[in-house]
Amino acid sequence: MMPAGAVVEQALALSHADEAVVIVTDAHEASLRWAGNSMTTNGSSFSRDWAVISIFRDGPNSARVGSLSSTSVDPAEIEAVVRASEAAARTAEPAKDAMPLLTPDSDALPDAGSDWASAPGSTGIEVFTDLARDLAGGFDGTDRLYGFAYHQMHTTWLGTSTGIRRRFVQPTGSVEINGKRGEGADLASAWVGVGTADFTDVDVPGLLTELSRRLDWSKRRVELPAGRYETLLPPSAVADLMIYLAWSMEGRGAHEGHSAFAKAGGTRIGERLSDIPLTLYSDPSASGLEYRPFVATSSSSESLSVFDNGLPARRVDWLRDGVIESLVYPRATATEFDAPTTVPGDNLLLTGGSGASIDAMIANTERGLLLTTLWYIREVDPATLLLTGLTRDGVYLVENGEVTAAVNNFRFNESPIDLLRRTTEAGATETTLPREWKDWFTRTAMPPLRIPDFHMSSVSQAT
């Protein structure tokens, strides 16, 4: 198979367009599943996904774009993909986000250099050796364990006709363990999960201990009605809500009045959301949560532009010390609205809390609810970012500083913007795995939050 860097160079050499961008991603993936205290399946795979973006110029800031993707590994098909991309560009409408392509000297990122010809990052089922060994100890217990682990090594090569060459290896992994105890009406279910880059930091015994603790909490059951409850949101649930907030922070939508970050005559940048000095940010160099430090996209959206390929991704504070600080602006949108260019992040961190653990926050709760995870989150009203969803795998009653029972699940209706405004306590930030969005977004670090009046809008029969 032709090396990915060579595919980029050949496709660029074959191009007849005024400008071209080629992106190749080689993906090595491994997975492991278990059910009913027994390993069930494991395997590994390799795939290649690549795209050619052809650009024909009508002027410096006017262009037509055609993008074509392929999964072929046959070098003989490279020219056909290039020609099809050019044909698509010739018949395309003028691009609304047209800008000059970047050049190597237009940013501070180093060239790919000697890494350009390096082999892609790789993985295999051997990455799960310690995980499988430690899980085996849990299989000897009476609780029934189910779960899934995966590891990905995605290596991206980016080349442009203006001379940019970029390469990055992105490791992504996670472990989820679901525990079940009892049968029928007495069935209890609990979940734990963690994100990881290489599985060397996964504490399986610790995860199993936490799982058992949550199942112990379910020995007593209490039925509660819908209503507003003081609620402790654990880091995983906070991550799912903050990810949706970050996905909604597009500058154009705010300026045009289409999002919750709009206000009359502009945006809500500069507005204070919380008296707690919370900072929500993305940073490609965050330890253990690193992500690709440049733009590599085969299509344009309100968040990314094909004309920005190669643009450095740097730390962005979306919320700083409780105040809305930034929105997402590709270069063309930034120029239109006289705003700083801002690249969306592939990690998300929330800091500024008291440093208290979730156990310490439980100990300081007179009466309230402790959630585990959220799922099936959907937007109800984009103007307020009102979301609805369900609780899952454990909602617990806290009384006089102790967890005393498991309660029924609920449907909730809340806006993460309003939650930040109403938060009365934020604890210690820790790396966590979002439950709902883990298939798209795993690199997060969040604190637990105390919400005095979390809206449980109805009772749910989900487990």
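The radius of gyration used here is taken over C-alpha atoms, and the globule rule is 2.2 Å times the number of residues to the power 0.38. The model is predicted.

**Exercise 1. Overall form**

Task: Compare the radius of gyration of the protein with the globule rule, then describe its extent and its secondary structure.

Solution.
- Step 1. The protein has 463 residues, for which a compact globule would have a radius near 23 Å.
- Step 2. The protein has 24 Å, so the value agrees with the rule.
- Step 3. Along the principal axes, the C-alpha atoms fill a box of roughly 70 × 55 × 35 Å.
- Step 4. Nine helices and 22 strands make up the list of elements.

**Exercise 2. Burial, contacts and charge**

Task: What share of residues is buried, and what share of the contacts joins residues at least 24 apart?

Solution.
- Step 1. Buried means under 20% relative accessible area. Of the 463 residues, 54% count as buried.
- Step 2. Take contacts between residues at least 6 apart in sequence; 74% of them join residues at least 24 apart.
- Step 3. Turn to the surface. The protein exposes about 19,100 Å², and carbon and sulfur atoms supply 50% of that area.
- Step 4. Add the charges. There are 39 positive and 61 negative ones, and their mean positions are 3 Å apart.

**Exercise 3. Two residues in strands**

Task: Place D317 and V395 in their strands, and decide for each whether the residue is buried or exposed.

Solution.
- Step 1. D317 sits in strand β12, residues 316–320.
- Step 2. The relative accessible area of D317 is 10%, so D317 is buried.
- Step 3. The side chain of D317 makes a polar contact of 3.0 Å with the side chain of R320.
- Step 4. Leaving out residues up to four places away in sequence, D317 touches T279, L280, Y281, E325 and S326.
- Step 5. V395 belongs to strand β16, residues 386–399.
- Step 6. V395 is buried because its relative accessible area is 1%.
- Step 7. V395 and L370 are 25 residues apart in sequence, yet their C-alpha atoms are 5.8 Å apart.
- Step 8. With residues up to four places away not counted, V395 touches residues including L369, L370 and L371, as well as A405, A406 and V407.

**Exercise 4. A residue in a helix**

Task: Where does S236 lie, and which residues does S236 touch beyond four places in sequence?

Solution.
- Step 1. S236 lies in helix α5, residues 235–247.
- Step 2. At a relative accessible area of 7%, S236 is buried.
- Step 3. Beyond four places in sequence, S236 touches W191, T372 and T373, along with T432, L433, P434 and R435.

**Exercise 5. Positive phi in loops**

Task: Examine phi, location and exposure for D338 and N400.

Solution.
- Step 1. Recall the background: most residues other than glycine have a negative phi.
- Step 2. D338 has a positive phi, near 55°. For N400 phi is also positive, near 50°.
- Step 3. D338 lies in the loop between α7 (331–337) and β14 (348–351).
- Step 4. N400 lies in the loop between β16 and β17 (402–407).
- Step 5. Exposed means over 50% relative accessible area. D338 has 74%, so D338 is exposed.
- Step 6. N400 has 65%, so N400 is exposed.

Conventions: Residues numbered from 1 in each chain as written. Predicted model: local features only at pLDDT ≥ 70, side-chain atom pairs only at ≥ 80, totals over all residues. Heavy atoms only, no water. Helix = DSSP H or I, 4+ residues; strand = E, 2+ residues; numbered from the N terminus. Buried < 20%, exposed > 50% of the residue type's maximum accessible area, 1.4 Å probe, protein only. Contact = heavy atoms within 4.5 Å. Areas by Shrake-Rupley, 256 points an atom, 1.4 Å probe, with all protein chains shown as cover. Lys, Arg positive; Asp, Glu negative; His and termini not counted. Charge placed at Lys NZ, Arg CZ, Asp CG, Glu CD. Polar contact = N/O pair within 3.5 Å; in protein donor to acceptor, adjacent residues only side chain to side chain.
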